[in-house]
Amino acid sequence: MRLPHEYTKFIERQHLLMKLDFRVTTLWAATLLFSLLASTVSSQSSEGFVTLNCGGGAFTDPVTGLEWENDEGYIEASDDLRAEGVLISASVLLEPSTSPVDNAESLKDASVFYPIGPIPRSKFCYNLPIFNYSAEEPMNYLLRATFPSSNLTTEATNAKGDDVSLSTYSKRFYFTVDSTYITTIELQENQPQILELVITAFDAEVYVCLVPLEDRSSMPAISALELRPFKLGMYPRVDSGMLKLSITTYFLTVARLNFGGDKQLRYPVDKYDRIWAPAKIPSGEKEFRSRTNVSRVHYPPNKEIDMPDEVMSTAWVATQLQNNVTFEVNLTGVRAMRAVPSFYFSLLFYEMLETANNTRFVNIYLDDDGEQRFFGNTKIYNYFWLQVYSRRWTFTTNAPTFKIRANGTSPNPGLINAAEFYGEFDAVVWRTFQNDSSTLKTFSLSAPSLLDTAGDPCLPVPWAWVVCSIETPPRVTQINITSRGVGGNLPTDFGQLDRLTILDLSNNSYRGRVPASLRNVTTLTAMNLGGNELEGELPGFPPLAFQNLERLSFSNNRLKGNLSSLVNSLAEPLFNLDLSRNSFSGAIPTELEKLKNLQNMDLSSNRLTGELTFELDKLSSLQYLNLSSNLLRGTVPSTLWSSSSLQLVDLSNNEFETLNLTTWYQGVLKAKSLEAPAVLRQVKLQGNQIKEIVPANLIDLDSIIPTPSTNEQQNSLQTPLGFILLTDSPWCIDRETNRSSLIERYLCRSNEH
């Protein structure tokens, strides 16, 4: 790959060339290091390590000496998942030859997340604690996840006692870290898979999640999960400016090569438990050899790099000055795993010659669709170490080749000790807006076994009962928990969710007061708290606090008090209002008249009193009105028949005494029909004390309306388009013995049929 001239200069300027002189100390270090090496290695601290044997038990790793533990204590809601039959342990049929690590003990079991259960769950997450977390100086961590082969068996049974089949569901799922999608995992038939990342921690815990496919038909599974803290400053990828913008990158391991080594190295040789693989000499290559001198190596740690002495004690060295040390990097696997726009790589050198001419000058060449000198005239001193690295490097091919060759003045041929390659991609470091997240976490504690609460509320996919915005950081815009049997008190800080548009908690068992802080959620368009056990008076909501609300229901609770404050908090967008089956009292506020778009209003089964003083004809969009089972009195207004949209009115079981049918009378008189469009209403007035109907000459309509035949009368009464039901009112009882008038029969029938 050819680079523009200006970028080549940038790379040269940015490469780290560290030369730390240890010649003074090596006079004695050569005699002491070898004897101290074993004790130094064995005493490496594993503080801050998280080492999980997923689905299996605790054990001591015979290779690393690390203590593995069962994973259930780190899984969000593991007890509930286990009780629901969602989380099961499985055995893995593993061929020893397929193990990617020397010790395969952690690959023999797996935690499997079965896609069943009463609760829809968007993801299954591990909450991994971050060692020495600091918001001011975020550290980097090695995260390694191992996924089993698809050869899984289990002795688990479902709720019916039947054996659980692990072959029914897809073995394909998403793997995410915090808010960042990493890759799509598909379990292979005979091959476990290891995925390794270098991540930055921006909180006290990191969420590692397995996300089922969108239709939740897949069955995630994982065998091992490991987290290792790096020293502060290692693998730098962020600066203060980037942190303010919440920008960082993750590294996805491509290769970690130990040149000249003959076995896999990891903890305790590498105190960070990086796995170093012995580099394979290219087929037919005889122009270089390996070299080892472990007793003379001491690789001093640096802020940005800390290498194991044993890795740096081996090297590939060219046999002749003119020969290359050549190695190839395979990028096919990492590019198949996810889109990786650029790469980070580090080439490491350490000189240990004891001759007079113990210096090397090398050129580094890169053959990536064309050979070019990548770094020139690099000087490697005796007992000095050197690192050449690059970030944001783009490779053209899937198999770039590196060549290290002595330049024209070097007395010694080229060499290389170690190399690391990572795919680099942007990470999403933000989570759900902090106020939203903390409010939802508190809220969900009321019924953790009944709600999906794994990981972050919004990212990388939202909880099943939450909808979030696409802004950064995301905000919670909808909560929908209907008919889930959830209980407890509503959080007093609900007002923190000030971007919420829909709040539906209906048909559950929530108790206590309606939170006063809801007044701050001015973005609400729909709120349904019906079907719960809420009690007490409503808070004093400010005028127009819910100016965007379109649907509101507090029905079927134990709420009381007058409605003035609530009605004043509403505005024209409201089209559905349901406050039925409570104990609200007092008069119906006349401010209802401002709700021009109201279509449905149900205030039934309360203790509302007084007369209907609001003008129904001003509610020009009202179609359904239910004020039944209250203590309303006075006159049923004639304006019931003034609205062109009103279809059904239920005023039954109140204490009305007078019925004003003036408008209805005029409509029937004009059309000479009881089914004139202007008067077609279904009005229920049973259970009232109506003694008087206005106008008094109502029965005169008998002489105006054409007398229908007996069959026509019967059909009209059985299939009415409109009706007025007085039934058991005093007015009808007085006429029960002599009800010959058509109008009397129309008003006093027993039901609408």
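**Exercise 1. Find the loop that holds Ser 483, then look at its backbone.**

Step 1: Ser 483 sits in the loop between β28 (476-480) and β29 (487-489). Keep in mind that you are looking at a predicted model.
Step 2: Turn to the backbone angle: phi of Ser 483 is near 55°, a positive value in a residue other than glycine.
Step 3: Now try Lys 672, which lies in the loop between α9 (662-671) and β44 (682-684). Its phi is near 55° too, again positive in a residue other than glycine.

**Exercise 2. Trace the open sheet of 11 strands and explain what happens at its edges.**

Step 1: Follow the order β27-β28-β30-β32-β34-β36-β38-β40-β42-β44-β46; the pairing is mixed.
Step 2: Look at the two ends. β27 (466-468) and β46 (723-725) each have a single partner strand, so one side of each lacks a neighbour in the sheet.
Step 3: Check the turn between neighbouring strands of this sheet, which is 10° on average, direction ignored.
Step 4: Zoom in on one pair. β36 (residues 576-578) and β38 (residues 600-602) run parallel and are joined by three bridges. Here Leu 577 stands opposite Met 601 in β38.

**Exercise 3. Locate two cis peptide bonds.**

Step 1: One joins Tyr 267 and Pro 268, with omega about 5°. Pro 268 belongs to the loop between β15 (247-258) and β16 (277-278).
Step 2: Another joins Val 694 and Pro 695, with omega about 5°. Pro 695 is in the loop between β45 (692-694) and α10 (710-718).

Technical notes
Residues are numbered from 1 along each chain as its sequence is written. This is a predicted model: local features need pLDDT of at least 70, side-chain atom pairs count only at pLDDT 80 or more; totals for chains, interfaces and linings use all residues. Side-chain values use heavy atoms; hydrogens and water are left out. Two strands pair if DSSP finds at least two bridges between them. Helices (H or I, at least four residues) and strands (E, at least two) are DSSP runs, numbered from the N terminus. Axes are lines fitted to C-alpha atoms, for helices over the stretch in contact, and angles run from 0 to 180 degrees between N-to-C directions.
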